[in-house]
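Colleague: I would like to learn how to read a few features of a protein model, beginning with contacts between charged side chains. Could you take me through them slowly?

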Amino acid sequence: MKLKSIYKYLVCQSGKSYLIFFGVILAIVHIGLLITVSLDSNGGIGGMEMATLTYMLVSGVLIYRESLMVSMQNGISRKTFFIGSILTFITISIIASAGDVVINLLGNTYEKNCNMVYDSMYEQFFMKGIYDENVMVTPALSEYFKIFLLDSVMYITVSTIGLAVSVIYYRLSKAMKIIVPIAFIFICQILSVVIPYIDYNFFDSKIMNKVIPCMKWIVESNYHLMAVISCAAVLFIFISYLFIRRVPLNDSKK
Amino acid sequence: MSIEIKDVSKDFKNVRALNMINLTFEENKIYGLLGRNGAGKSTLLKIISNRIFSTSGEVIVDGEIARENDKALGKIYLMNESNLYPPKMKIKNIFKWTKEFYPNFDTEYALKLSRAFNLNVNKYPRALSTGYTSIFKIIIALSVNTPYVFLDEPVLGLDANHRDIFYKFLIEKYAEKPFCCVISTHLIEEVSSVIEDVIIVKNGEIIRNQTRDSILRTGFTVSGSAAAVDEFIKGRNVIGTDSIGGLKTAYVIGSMSGENIPDGIEISAMDLQKLFVQLTNS
């Protein structure tokens, strides 16, 4: 009963802002397509999923604090609130993926009838390669289902990343709030610069020779990519739960 | 049907805010939870409502452990100084959502109270003054119809007129449909006519937990010239004194049954605020 109530509340709050976002993105895409067609520039647009990904990440970050307070005020446990949040992410991600399919259909309708190219992220990754020139690739109906699935999983994952970031930050002290991002950048630097340097100079690139095939495997099929990002989603859900389950209400941060 | 607090302690780093609290809040009673600033009243109420966790001990609501228990927490409503409601949601919509979370929330009654307090329900909580923020939360607390309602400083920022309306509605509501109401406040004189039981917290421990009438019967006030009062209180359990010029007032624990009152001495009943001040003076 309580789960239903908090789920309803969260979906209503998140759904409203998504509808506004979707309306704006749809208008931007439509105007972009109209400009491309009217200029007859043989150009193209695409990858609008990046905007939705950013939206879902921000929405994942923002959902936490205010909704946790509402839950606490209304006698809802942290566990129920957490489950409600995850269910909300799944619901909004499915709605957002459906919205992307609508945008893709619109873009591909223009592509079919006008001299321009519209590519979704899925088309760019899995239908013609990332770095190909503007080539018209119009997905079949079955491909739309794959787009829908991939987008759904991606959006759920970025939402859970947003939630995890928000949850971790909520519990950190002021000093740790500064230390954590610096440590994150430091680790990224080590992973992207120091390790390849050591690998190249001391291990004859043995590490990279193992990593690169793994990365190729991930992006060679949408199902591989979905499997990997699903695992990431599970990991972030687990991390978030660890932090939420004992979180005290910090109502001094008004 | 009751809320039982069993051996609850709470530490904030090296500070012990609550120390082995044992209490029972019975249904259909109005309690006054009194204590000086920092005594641990708000901490106790936050633990009961699962907003923070106790270091040890348990809160049991109608036989069920309250910690992370939706069923038990659904029977409790805590109104305190924090505004946990969405600042960008209209008050009328907050009423609507409260009804979703607390099915017994009486929207009609909430709107009636809003009219009585002159609260515009089309406003956002962030646009309200301190007094009206309290009023907005009081309205929800009185309309929520949960068996246990905790009011932590309910009259914060309210003018005398609004406080009067609040007490009137509280008594009216209680008379119509009794519930367990715990009022934590510093305005002891105002609340003393409303409460039935008094719980006094000092330095994280319960020092008094009894009915208002019995606590008032535990002592009396002796006034008169300093010399006469000093003579009279010799050998008695004096919990405090006040002196102005040559006059003295002493607060004495005990009864006066059958004793003669010497000339120049006036005996009066202890009022709750005076007793509280004397009991909690460190």
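Modeller: A salt bridge is a side-chain nitrogen of Lys or Arg within 4 Å of a carboxyl oxygen of Asp or Glu. This is a predicted model, and in it the side chains of A:Lys8 and B:Glu100 meet in such a bridge, at 2.9 Å from N to O. The pair crosses between chains, running from helix α1 of chain A, where A:Lys8 lies, to helix α3 of chain B, which holds B:Glu100.

Colleague: Is B:Glu100 buried or exposed, and which residues does B:Glu100 touch?

Modeller: Buried means under 20% relative accessible area, so B:Glu100, at 18%, counts as buried, whereas A:Lys8, with 39%, is partly exposed. Leaving aside residues up to four places away in sequence, B:Glu100 touches A:Ser5 and A:Lys8.

Colleague: Which parts of chain B does the salt bridge between B:Lys248 and B:Asp230 tie together?

Modeller: The closest N and O atoms of B:Lys248 and B:Asp230 are 2.6 Å apart. Because B:Lys248 lies in strand β13 and B:Asp230 in helix α9, the pair ties together parts that are 18 residues apart in sequence. B:Lys248 is buried, with a relative accessible area of 14%, while B:Asp230 is partly exposed at 34%.

Colleague: And which helix gives the most to the nonpolar patch on the surface?

Modeller: Helix α6 of chain A does, with five residues. The patch, whose members include A:Tyr197, A:Phe202 and A:Met215, has about 840 Å² of accessible area together. A:Tyr197 is found in helix α6 and counts as exposed, at 54% relative accessibility.

Technical notes: Residues numbered from 1 in each chain as written. Chains lettered and ligands numbered in written order. Predicted model: local features only at pLDDT ≥ 70, side-chain atom pairs only at ≥ 80, totals over all residues. Heavy atoms only, no water. Contact = heavy atoms within 4.5 Å. Patch = residues over 30% accessible without salt bridge, like charges linked within 9 Å, V, L, I, M, F, W, Y side chains within 5 Å. Areas by Shrake-Rupley, 256 points an atom, 1.4 Å probe, with all protein chains shown as cover. Helix = DSSP H or I, 4+ residues; strand = E, 2+ residues; numbered from the N terminus. Buried < 20%, exposed > 50% of the residue type's maximum accessible area, 1.4 Å probe, protein only.
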